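Here is a friendly walk through one protein model. Have a look at it first, and then we'll go through it piece by piece.

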Amino acid sequence: MKKKITKYKNNKLRYKYAKLLNSNKIISNTVLLESTHGKSINGHIFYMMKDFCENHADYTIYVASKNPEEDRLFLESNNIYNVNVIEHMSSKYFELLANVEILINDTTFFPFFNKKEGQKYYIIWHGTPLKYMGKDMQIVTDVANVQRNFYMADKIIVSNDYTKDVLVKTHNLENVYPGEIVVAPSPRNDILFDDVNKKVLRGKAGLDGKKIVFYMPTWRGNVNSVKHDSQKVEEDLQVINDSIDSNVMFYVKLHPFQNNIDLERFENINFPPENIELYEFLSITDVLITDYSSVMYDFMNTGKEIVLYTYDKEEYAESRGMYEEIENYPFKKIEFIEELVDSINATETKNSYEKLHSHFCMQDNLNGTNELIEYLVTGNATDNINVSSVHNGKETVVILSGGFWDNGITSALLNTLENIDTTQRNYICFFGRDKVKPEHFYKLKNLPENVLFYPVPGELNGTLFQRLINSKYLWKEGFKYLGINRVLRKMYRNEYNRIFGSLKIDWFIHYTGFERKYAEMLRHIDASTAIFVHTDMFQEYEAKKNFSKKIVFGAYKKADKVVLVNKNLKKELVEKVKGIEEQVIVVNNFLGEDRVRGFAKEPLLKSLENVPVDYSYNEERLEKSEIKELIDINNLLGTHEKIFGSKIINDYLNNQEENQSQSSKVLLDYITKSLDVLEKRFEETIPNIFSPTNRFYIDFKNVQGNLESEKTFFYPNKYIFDSLRISKIRMLEFINNEDITVFMTIGRYDYQKGHDRLIGAFEKNYENNNNIALIMICPHGSLKKETLARVRNSQAKNNIIVLGRMSNPYSLLKNIDAFILSSHYEGLGLVVYEALALDTDVITVNLTETVELLQNDEALIVDNSEEGIEQGIHDYLYSGHNRNVFDFETPKKQSKIEFESIFNTKN
């Protein structure tokens, strides 16, 4: 109930914020500062706030806090009274977020934030990155809101060139970010140079003559591993508590996730004083102990000892990744808690960080914050402030790419990006953050070098009235409302700004051609626009009703270019959507032969790993199979090590029969016979599978290591069982048997792909010829249940295998006999040409858009019907097909010229 109330309250505030965004009100000389979404007031934000108060009395200062009362008391204890502390996510917060002149944070604002014209937004980045960040992280889409905030910011402020370079690369800013990147003194580091304050603070805290050791460990893992992480820290603290000298004052600052650790039970362990700001306390610290935290770089300014306690360095580096090799740093490195205690109790050592300091902290000085604030307020920069731009001055093209799913549109886009000259313009593929699944992250990481990506976070802002109108408009085809265009224009122009911020976008391309929100956005923005048409939209609508004709066809009328991937789509389109003929151009899809051939080099067995099997008759009859017995044994005994590690097996191998029970002997005989069955089966069905001359060859010794023994039950075929299981082995048997002709299709479970008639055509041929097999790769789709039921009840079910999503189907496509395109309709059946690129035969239904390039008997073209597919399979089996080689170079050159015509404003 509490969550529902909070959501309702936040929605009301969001509606209010949307209304404020529509006003032109900007309150001059006001500043709103926010640190880590209001979690604390320290570090950069504390010292920038303090400088504004001391040196810019004409500014009204606000700071956002999740604990406003506590933070007011904290500021008062530091003699700061002229700051307005407001509650984060309160009504006042939203009002200020929309109306203050200057906005400053050290991370990001939430995804609903939308900078208004007249506002200035500065991000003072919170540290020097050691750990992987942005698109280098495991979940690449986590870059989303940080990237969005960067696009919104007027200035990004960092403390060194190294940080600038990392942020630009990892947050997709390269060549496109229009603001300024400022290398400047780090505000929180000023206090580290204040020797006068250090003496006062030590005396005030009663720490004169004490050695102050401050431990700031990095939290590991995720919310599910909090307990394990806290346990290690707690054990270490116990050892330290029991071992430190009496003149040592030991302090620790833990992550909020570790607040379950009760420090009160440790008499020699302390929290930093609550009324002293974190970096102020660091200024009086004698020894800093950390691990992978960027605080190490800041603390170099003190010249005091830095100890890196990296007991899990390899594990941490593997899970998080690091840009720097900390082993090369001039800090003391310790792996064991006993060594750490000795270091804590040791006398201070002289440290030299000059080289590293010049790399990371060159700008820092006693007056650094004042220099930075003066620059932000007046524009006057000192020698310590270096301003640069990364924008290359070229046009920027944003492309709505969709979620990079395994489909023809994704393949067409990737082919395009890999074939065009991406140095002529800047390209950014954008998509909803939640649209890309983890299994497709690799596609984002492998985009061409000059192509960026942008996972868009958050949702459309709007008042309650605006959101209701928009929802009805998007999802009710006949909805009408007087003045609706005015409402939509405000919403979508604001949304365009929320997403793209200050980016200078020259071309907005709706590549997928279906998505409603961005088709509507296209109608209201100022950039040049284009929308692609990949298929017969009228057949698509009749078959699936999966888009809004009102919105998509409205986008056609407004777009500068309506881009057809085939000229045969034009006639009906311009007849039925009046007034668009002048905007229509044709850009034939790139066929992607080079990309496909590259993927096809992956070993077939490797490409089949982790591929799900949606259907195989082999699985259903496995219960009665001899091989089922062997798999049961594998499950019982486990790995090779377990087999040889058991006493029963060792006794048997050593011929110690007197130590064997009768049951042991029976088990061993069973194992031996089962292994013999397996080896014989493989020799008969896939002969010489481990010979380099076999097309399925893999160096299994490299896969599993050298597993040798005088008497071994280990067999390399176990790798195949562990990785592929019986269904895919059965499929390999089909492919490797020269007497069996293997057909294959690739396409989602969808009416368009014509799977029902392909199965029917295959069945009819199977009646007279059992030496044929059909492999279907179907990554997803609405007709999965119906399609699998059809296969399960088919008379040809023995020889049909249905695989699920396969990230690289091309190694398999290269090894089958013929690919079949059975679609009812296509803009272009791209996979036909992918098969031809791999020298695989093709049977395709006669779709004009697909076959018009096939002018020289390169494929077997059949009637667009089940009967036509049936006849095509029959003819291929009994008459053969001596096809000619397809010429890929000519259409590639033509597509390059056509693609450039998108950007020709004279059409």
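## A question to start

Is D406 buried or exposed? With a relative accessible area of 18%, D406 is buried, because anything under 20% counts that way. Keep that residue in mind, as we'll come back to its partner shortly.

## The big picture

What you're looking at is a predicted model. The protein chain has 907 residues, and 57% of them count as buried. Its make-up runs to 38 helices and 28 strands.

The chain also has plenty of contacts between parts that are far apart in sequence. If you take the contacts with a separation of 6 or more, residues 24 or more positions apart account for 74% of them.

## Charged pairs that link distant parts

Side chains of opposite charge can pair when their charged atoms come close. Search the whole structure and you'll find 41 salt bridges. One of these joins the side chains of D406 and R805, at 2.7 Å from N to O. D406 sits in the loop between β15 (396-400) and α15 (408-419), while R805 sits in the loop between β25 (800-803) and α34 (810-815), so this pair ties together parts that are 399 residues apart in sequence. R805 is buried, its relative accessible area being 18%.

Next up is K753 with E826, a salt bridge whose closest N and O atoms are 2.7 Å apart. This pair also links distant parts of the chain, 73 residues apart: K753 is in the loop between β23 (741-746) and α32, and E826 is in the loop between β26 (818-821) and α35 (830-837). K753 counts as buried at 13% relative accessibility, and E826 is buried too, with a relative accessible area of 10%.

## A little network

Now find D594 and K892, whose side chains meet in a salt bridge of 3.1 Å, N to O. D594 belongs to helix α23 (residues 593-599) and K892 to helix α38 (residues 889-900), so the pair ties together parts that are 298 residues apart in sequence. The two ends have their own levels of exposure: D594 is partly exposed, with a relative accessible area of 47%, whereas K892 is buried, at 13%.

Which residues are linked with D594 and K892 in a network of salt bridges? They are E593, R597 and E889.

## A buried arginine without a salt bridge

R757 is worth a stop. This residue lies in helix α32 (residues 755-766), and R757 is buried yet has no salt bridge. The nearest side chain of opposite charge belongs to D756, 5.4 Å away. A salt bridge needs the nitrogen and oxygen within 4 Å, so that distance does not qualify.

So what does R757 touch, leaving out residues up to four places away in sequence? The list is S822, S823, H824, V845, N864, S865, E866 and I869.

## Two unusual backbone angles

Most residues other than glycine have a negative phi. M89 goes the other way: its phi is positive, about 70 degrees, although it is not a glycine. You'll find M89 in the loop between β3 (84-87) and α4 (91-99).

D857 is another non-glycine residue with a positive phi, about 60 degrees. Its place is in the loop between α36 (848-851) and β28 (860-862), and D857 is partly exposed, with a relative accessible area of 43%.

## Empty space inside

Rolling a probe the size of a water molecule over the atoms shows where empty space is left. Here the count comes to seven cavities of 30 Å³ or more, and the largest cavity holds about 60 Å³ of space. Of the 15 residues that line the largest cavity, the closest to its centre are H44, W125, V158, S159 and S186.

What kinds of residues make up that lining? The lining of the largest cavity divides into seven nonpolar, six polar and two charged residues.

## One last stop

Finally, look for E325, in the loop between α11 (313-320) and β13 (332-334). E325 is partly exposed, with a relative accessible area of 38%. Its C-alpha atom and that of L130 are separated by 9.0 Å, though the two residues are 195 residues apart along the chain.

Note on methods:
Residues numbered from 1 in each chain as written. Predicted model: local features only at pLDDT ≥ 70, side-chain atom pairs only at ≥ 80, totals over all residues. Heavy atoms only, no water. Helix = DSSP H or I, 4+ residues; strand = E, 2+ residues; numbered from the N terminus. Buried < 20%, exposed > 50% of the residue type's maximum accessible area, 1.4 Å probe, protein only. Lys, Arg positive; Asp, Glu negative; His and termini not counted. Contact = heavy atoms within 4.5 Å. 1 Å grid on protein atoms, 1.4 Å probe; cavity = no way out; pocket = protein on both sides within 12 Å on 5 of 7 lines; lining within 4 Å. Points joined across faces, edges and corners; volume = space filled by probe spheres on them. Nonpolar A, V, L, I, M, F, W, Y, C, P; charged D, E, K, R; others polar.
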